[in-house]
Amino acid sequence: MRVIGCAMQWNYNRKHEGNSFDHMAFITPLSRLLGKDFIYYDHVEASETFKKPPRQVAKELIELAKEKKPDVIFVFMFKEEIDYKYLYSWCDSRGIRMVSWFSDSAWRFDEYEKKIAPYFHLNVITNPISLFKYETQLIDDLSHCVDFN
């Protein structure tokens, strides 16, 4: 399996604070596990440091996907750095699965996650209350939601 992993390298994109939780907990282990079949892309750096708009970040990911031919694009959510609807449409038409990791489900569901989650094939959440919110407010079929609590 080939995976593109999208996460910020630095804690809140501040290099002086060291690696982010997502980078330490997922990017490094996935890179070791998958070796050459893991491709890393820092979508937060592209957006915040280089001031690229969400559509351009999505297009860069598409170009990377065309070159590397992943099975999955795994995105560790931060803000709206990526035009998710645009990327989802492209990936879905090519059989590439998009997976999101929403680690802040407890407090960001209503203003953020609710509008982005439909553009992923699988949503990983860390708060059991969010699973109820998915069921009642967002998604009839919870088969593509995973709660790790």
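**Asp-42 and the aromatic pairs**

Colleague: Which residues does Asp-42 touch, not counting those up to four places away in sequence?
Modeller: Asp-42 touches Ala-7, Met-8 and Gln-9, where contact means heavy atoms within 4.5 Å. This is a predicted model, in which local features need pLDDT of at least 70, side-chain atom pairs count only at pLDDT 80 or more, and totals for chains, interfaces and linings use all residues. Residues are numbered from 1 along each chain as its sequence is written, and side-chain values use heavy atoms, leaving out hydrogens and water.

Colleague: How do you know that Asp-42 has no salt bridge?
Modeller: A salt bridge requires a side-chain nitrogen of Lys or Arg within 4 Å of a carboxyl oxygen of Asp or Glu. The nearest side chain of opposite charge, Lys-15, is 10 Å away from Asp-42, so no salt bridge is assigned. Asp-42 is nevertheless buried, meaning under 20% relative accessible area.

Colleague: What does the side chain of Asp-42 reach at 2.8 Å?
Modeller: It reaches the backbone nitrogen of Glu-45.

Colleague: Why is the pair of Tyr-88 and Tyr-119 called edge-to-face?
Modeller: Rings of Phe, Tyr and Trp (its six-membered ring) pair if their centres lie within 6.5 Å; planes under 30 degrees apart are stacked, over 60 edge-to-face and the rest tilted. The centres of Tyr-88 and Tyr-119 are 6.3 Å apart and their planes stand at 70°, so the pair is edge-to-face.

Colleague: What makes the pair of Phe-26 and Trp-101 tilted?
Modeller: Their centres lie 4.6 Å apart, with 55° between the planes, so neither the stacked nor the edge-to-face range applies. Both residues are buried.

Methods
Buried means under 20% relative accessible area, exposed over 50%, partly exposed in between (1.4 Å probe, protein chains only). Lys and Arg count as positive and Asp and Glu as negative; His and the chain ends are not counted. A polar contact is a pair of N or O atoms within 3.5 Å; within protein, one must be able to donate a hydrogen and the other to accept it, and residues adjacent in sequence count only if both atoms are side-chain atoms.
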